[in-house]
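The following report describes the fold, the burial of selected residues and the main pocket of one protein. It is intended to be read alongside the sequence and the coordinates.

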Amino acid sequence: MALLEVNQLTKNYARRSGWLGATQQKCVVDRISFSITRGETLGLVGESGSGKSTVARMVLGLIPPASGTVSFDGQEVIHGASSARLRTLRRRMQPVFQDPFAALNPRMTVRQIIAEPSRIHRHDPDLTARPKTATELLAEVGLDESALPRYPHEFSGGQRQRINIARALALRPELLLLDEPVSALDVSVGAQIVNLLRRLQQTLHLTYLFISHSMPLVRYLSTNIVVMRAGKVVEAGTSEQICHSPVEAYTKTLLEATPELPT
C-alpha cells in the first residue's frame, strides 16, 4: 500500500478582473494524482508557478483543496480528519522549506529550534519512545554540539539548511516534503545537501516528496517523477523513463535547461 496517495487534487484562487472588479476563479492545481510507496522518492518537477508548492501545502493540510483527496497511510488528511488526528498525521510528515534563511527564528538558539517540534507535540501519545537528543539530531545532519547555543545568523546557508533538516527529523517522521530545499544555495553546497538527504533516506528509511524546478536534481534523487506545467500533470513515470525517453516537449526542455548536478 502506498504511504501517500493524492487523488484528483484541485485548487482554485479567486481573483478580480476588469474595471468593475468581477471575481473569477483561477485554477492553480488541476486534478493532480500520484502516490508514493514507503521508502521511495517522488520527484515533483516543473517551472516556477506550476503549482508544485501548492500541492505540498494541500498534502500537509495547510490549505484546503477545491476538490480531491489526500490519504496518508490509509488515513484521510483533508476531509473528516479531526484536529487531533491531523496533528498526529502532521507529526508523521514534516516539511523542509526552501529558504534556509527565512525558515529559522533568528531569536531562537539552535537548541531551541530543534526542541520546538517536541515541545509542540508534547501531548502526542505516539511520542512514547525516547526522543533523539538535539546533539544526536545535529550529528545526523553533519553538525556538532557546538552549534547548540548559537543563533541562525552565525551559520552559512548550507549549515542553516542542515539545521532545518534536523528540526524536521526531531519527531521521527516517515515522510519529508522537500520544497526546493537547495534552490537558495550555491551549486556545490546544494550538492552536499542532496547527498545528505540521500544518506538520511537510506539510514532512516524515509520517504520523500521532492519538489524542484531542476530535472537533474530530481533525476538524482527520485524513484518516480511527475512533471507539472500550469497546474497540470503533463508526464509521469519512473525516473529512467522520464529522463531517458521523455514524451512531452516540455519535459525535454526541462532536461536541457539545467546543468548536471556535481556529486
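Two strands are taken as paired if DSSP finds at least two bridges between them. The model discussed here is predicted.

**Overall composition**

The secondary structure of the protein consists of nine helices and 10 strands. The chain has 263 residues, of which 48% count as buried. Among contacts in the protein with a separation of 6 or more, 68% are between residues 24 or more positions apart.

**The six-stranded sheet**

An open sheet is formed by six strands in the order E6-E7-E8-E3-E9-E10, and its pairing is mixed. The edge positions belong to E6 and to strand E10 (232-238); each has a single partner strand, so one side of each is left without a neighbour in the sheet. On average, neighbouring strands of this sheet are turned by 15° against each other, direction ignored.

Both senses of pairing can be followed at strand E9 (residues 224-229). Strand E3 (residues 41-45) runs parallel to E9 and is joined to it by four bridges. With E10, in contrast, E9 pairs in the antiparallel sense, over six bridges. The hairpin of E9 and E10 has two residues between the strands, and Ala230 takes a positive phi near 50° in this hairpin. Individual residue pairs from these strands are listed below.

| Residue | Partner or opposite residue | Strand of the second residue |
|---|---|---|
| Leu42 | Asn224 (bridge partner) | E9 |
| Leu44 | Val226 (stands opposite) | E9 |
| Val227 | Glu235 (bridge partner) | E10 |

**Helices against the sheet**

Which strands does H5 lie across? H5 lies across E6 and strand E7 (175-179), and it runs at about 170° to E6. H6 lies across E3, E7 and strand E8 (207-212), and its direction is at about 160° to E8.

Helix H6 (residues 187-204) contains Val194. Val194 counts as buried because its relative accessibility is 0%, and the cut-off for burial is under 20%. The C-alpha atom of Val194 is separated by 8.0 Å from that of Leu217, a residue 23 positions away along the chain.

**Helix H1**

Is helix H1 largely enclosed or largely open? Six of the eight residues of H1 (residues 52-59) are buried, so this helix is largely enclosed by the rest of the structure. The buried residues in H1 are Lys52, Thr54, Val55, Ala56, Met58 and Val59. Just after H1, Gly61 adopts a positive phi of about 80°.

One of these H1 residues, Met58, is also touched by Thr10. Thr10 belongs to strand E1 (residues 2-17) and is buried, with a relative accessible area of 8%. Leaving aside residues up to four places away in sequence, the other residues that Thr10 touches are Cys27, Val29, Asp30, Arg31, Pro65, Ala66 and Ser67.

**The largest pocket**

The largest pocket has a volume of about 450 Å³. It is lined by 17 residues, and those closest to its centre are Arg90, Gln94, Pro95, Ile120 and His121. Two or more lining residues come from each of helix H2 (83-92), strand E6 (93-96), helix H3 (110-120) and helix H5 (157-169). Which element gives the largest share of the lining? This share comes from E6, with four residues. E6 is thus both a contributor to the pocket lining and an edge strand of the sheet with a single partner strand. By class, the lining comprises 10 nonpolar, three polar and four charged residues.

**Arg92 in helix H2**

Helix H2, which contributes to the pocket lining, also holds Arg92. Is Arg92 buried or exposed? Arg92 counts as buried because its relative accessibility is 11%, and burial is assigned under 20%. With residues up to four places away in sequence not counted, Arg92 touches Phe72, Asp73, Gln75, Pro173, Glu174 and Leu175.

Definitions and conventions:
Residues numbered from 1 in each chain as written. Predicted model: local features only at pLDDT ≥ 70, side-chain atom pairs only at ≥ 80, totals over all residues. Heavy atoms only, no water. Buried < 20%, exposed > 50% of the residue type's maximum accessible area, 1.4 Å probe, protein only. 1 Å grid on protein atoms, 1.4 Å probe; cavity = no way out; pocket = protein on both sides within 12 Å on 5 of 7 lines; lining within 4 Å. Points joined across faces, edges and corners; volume = space filled by probe spheres on them. Nonpolar A, V, L, I, M, F, W, Y, C, P; charged D, E, K, R; others polar. Contact = heavy atoms within 4.5 Å. Axes fitted to C-alpha atoms, helices over the stretch in contact; angles between N-to-C directions.
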